[in-house]
Amino acid sequence: NTDLVSDTSPQLGGDLASNGNSIRFADDDKAFFGTGNDLYIEHDGSNSYIQHGTVGNLRYQSDNHDFYDRLANGFMCRMFSGGSVVLYHNGTAKFETSSSGAKISSGHLYPQNNGSQDLGLSNNRWRNVYTNDLHLSNEGHQNDVDGSWGDWTIQEGESDLFLKNNRSGKKYKFNLTEVS
């Protein structure tokens, strides 16, 4: 309908209005698209919705996608042509995908709840772990051998491995036997 966006029809019935270059809908009104009203856009006064009601995909097509906070003060998520995705928290990049995998940009990776998640599975394991010193602690829990808890660090020397008890401060050298 050409009258829908013309300057000669500023009021389109109900709370729907046009000023020539835009159409204004009142809260809780919906703009429907598709023969069977398969897609609609709505604002209820507080939240906005895009509802896709068919089995197919809802596609956003652009070389890059940027999602900002409400005031456009910082990114929430960026998706780039070629596959990279960057997730932000309070405007700071935290997680990024790339052709070689994924990385934590800043911060730490930890489980939602203490003692609730595994790293790998018994049949799907990590191949290598690259770390500085390996710190192991079960502080706040008890082991099932003597009911105590431990806090240890394994450190690498030039040709030796060392074990440091972080609770007592004692240090031990692993007795290593060379094998061929």
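**Aromatic pairs and pockets**

Let me begin with one residue, W152, which is partly exposed, with a relative accessible area of 27%. Please keep in mind that what we are looking at is a predicted model.

A second residue to set beside it is Y172, which likewise counts as partly exposed, at 39% relative accessibility. The count of aromatic pairs comes to 4. In the pair formed by W152 and Y172, the ring centres are 6.1 Å apart and the planes stand at 40°, so this pair is tilted. Because W152 belongs to strand β12 (residues 151–156) and Y172 to strand β14 (residues 171–173), the pair ties together parts that are 20 residues apart in sequence.

Elsewhere along the chain, Y68, F75 and Y88 come together as one aromatic cluster.

Rings also meet charges here. The charged end of R167 sits over the ring of W149, at 3.8 Å from its centre, and K30 lies over the face of Y40, 4.3 Å from the ring centre.

Let me turn now to the pockets. The largest pocket has a volume of about 380 Å³, and the residues that line it include F95, K103, W126 and Y130. Which strand gives the largest share of that lining? It is strand β10 (residues 101–104), with 3 residues. Sorted by class, the lining of this largest pocket holds 8 nonpolar, 3 polar and 1 charged residues.

The second largest pocket contains about 250 Å³ of space, and L109, Y110, P111, Q117, D118 and L119 line it. By class, the lining of this second largest pocket consists of 4 nonpolar, 1 polar and 1 charged residues.

Methods:
Residues numbered from 1 in each chain as written. Predicted model: local features only at pLDDT ≥ 70, side-chain atom pairs only at ≥ 80, totals over all residues. Heavy atoms only, no water. Phe/Tyr/Trp six-rings, centres within 6.5 Å; stacked < 30°, edge-to-face > 60°. Helix = DSSP H or I, 4+ residues; strand = E, 2+ residues; numbered from the N terminus. Buried < 20%, exposed > 50% of the residue type's maximum accessible area, 1.4 Å probe, protein only. Lys NZ or Arg CZ within 6 Å of the ring centre and 35° of its normal. 1 Å grid on protein atoms, 1.4 Å probe; cavity = no way out; pocket = protein on both sides within 12 Å on 5 of 7 lines; lining within 4 Å. Points joined across faces, edges and corners; volume = space filled by probe spheres on them. Nonpolar A, V, L, I, M, F, W, Y, C, P; charged D, E, K, R; others polar.
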